[in-house]
Each structure stands twice: as structure tokens, then as C-alpha cells.
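Here is a quick tour of a fold, taken from the overall layout down to the packing of its parts. Keep the model open and follow along.

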Amino acid sequence: MKLDVWDQITALFYGIENQLTEELRRTSDLGLSEFRTLKHLSEQPDLELRMQELAEFLMLTQSSTTRVVERLEKRGFVFRDSCPSDKRGKYCVLNEHGKKYIEEAAPVFQDCLERVLNKTFEQKEAREAARALCVLTEA
């Protein structure tokens, strides 16, 4: 029973994530990882994170995170900087252009997320997975 619920939840999550990715590409020409990177950097006090911390947040490998950051660098949203105390350490830093972009893109993403979630939870399978998760958490 619990594995079946886990399968349902995983399918539900990936379905939502795929829809968000498609919507973001259509509306902002950003991938979900790029959007999440900009949003997370914008929430940091100094608008920067070590690349390793960013990889952990994104739940990506170091090399995948580097590719995400390279794409954002090409768009002029971020730059990489060396860590003053450890020259091997690198930071990803949100610049003013990136900050302005994410401030404008966040409400669009929020609307997109609401549309995707509403559409998803209209489906019987999604409602069943949510109910099953509730039952599991009560047990």
C-alpha cells in the first residue's frame, strides 16, 4: 500500500514539474532549474550562494548546477565569483539585471503554478494521491 502511494505521489510531482517546465519555457524562456536558481539567489541576504550550496538546494549534481549557472550567465542574470577565503570555492551571484528579471517573473510563475495545480487537482488521480498521502501521515 505505501509503495503504491509513493508511486502515485512521485507521478503527481513529476507531472506538475513537467507542466511547470513547459509553461515557464513558453512564458519566460527559462527552465525550472534556472527559475529556481534566480528565485533562491534573490532570497539570500547578499544575493549569492556557494555553488555547492546551490547544487544542494536544486538537488542537482555539481556539473548540472554549473550548466544551469552557465546558461544564466549567458543571459546576463548572474556571475561567478571566487571565494575570498578559498580560491577553489566559487559563488554564484545574482546581479541587478537578474534581480529585476526575477522580481518581474515571480508573479508570472505564481500564476502559472496556480493554473497547473488547479488543473492537476481537477484530475481524479491527483485527488486520490493527495487523500492517500493524508491517510499515510495520519497513521
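## Ground rules and overall layout

Two strands are taken to pair if DSSP finds at least two bridges between them. With that settled, a word of caution: this is a predicted model.

The protein has six helices and three strands. Going along the sequence, the pattern reads α-α-β-α-α-β-β-α-α. The C-alpha trace spans about 50 × 30 × 25 Å along its principal axes. Of the 139 residues, 34% are buried. As for contacts with a separation of 6 or more, 55% of them are between residues 24 or more positions apart.

## The sheet

How are the three strands ordered in the sheet? The order is β1-β3-β2, the sheet is open, and the pairing is antiparallel. At the edges sit β1 (48–50) and β2 (78–82), each of which pairs on one side only. On average, neighbouring strands are turned by 25 degrees against each other, ignoring direction.

Now for the bridges. β1 and β3 (residues 90–94) run antiparallel and are joined by three bridges. Two β1 residues to look for are L49, whose bridge partner in β3 is C92, and E48, whose partner in β3 is V93. On the other side, β2 and β3 pair over five bridges, again in the antiparallel sense. One residue to click on there is S82, with K90 as its bridge partner in β3.

Is β3 enclosed or open to the outside? Four of its five residues are buried, so β3 is largely enclosed by the rest of the structure.

## Helices on the sheet

Helix α3 (residues 51–58) lies across β1, β2 and β3, and it runs at about 90 degrees to β1. Helix α4 (residues 62–74) packs on the sheet too, touching β2 and β3. The direction of α4 makes about 120 degrees with that of β2.

## α1 against α5

Two packed helices are described by the angle between their axes and the distance between the axes. Take α1 (residues 2–28) and α5 to begin with: their axes come within 10 Å and cross at roughly 135 degrees. α1 and α5 are therefore oblique to each other, and their crossing is right-handed.

Which residues make this contact? From α1 come L12, I16, Q19, L20, E23, L24, T27 and S28. From α5 come Y101, V108, F109, C112, L113, R115, V116, L117, K119, T120 and F121. By class, the residues of the α1–α5 contact divide into twelve nonpolar, four polar and three charged.

## α2 against α5

Helix α5 (residues 96–121) also packs with α2 (residues 32–42), at an angle of about 120 degrees and with the axes 10 Å apart. That angle makes α2 oblique to α5. What about the hand of this crossing, left or right? For α2 and α5 it is left-handed.

On the α2 side, the residues involved are L32, F35, L38, K39 and S42. They meet Y101, I102, A105, A106 and F109 in α5. Sorted by class, the contact of α2 with α5 has eight nonpolar residues, one polar and one charged. Y101 and F109 of α5 are worth finding in the model: both are listed in the contact with α2, and both are listed in the contact with α1.

How values were computed:
Residues numbered from 1 in each chain as written. Predicted model: local features only at pLDDT ≥ 70, side-chain atom pairs only at ≥ 80, totals over all residues. Heavy atoms only, no water. Axes fitted to C-alpha atoms, helices over the stretch in contact; angles between N-to-C directions. Parallel < 35°, antiparallel > 145°, perpendicular 65-115°, else oblique. Left-handed = near helix turned anticlockwise from the far one by under 90°. Contact = heavy atoms within 4.5 Å. Nonpolar A, V, L, I, M, F, W, Y, C, P; charged D, E, K, R; others polar. Buried < 20%, exposed > 50% of the residue type's maximum accessible area, 1.4 Å probe, protein only.
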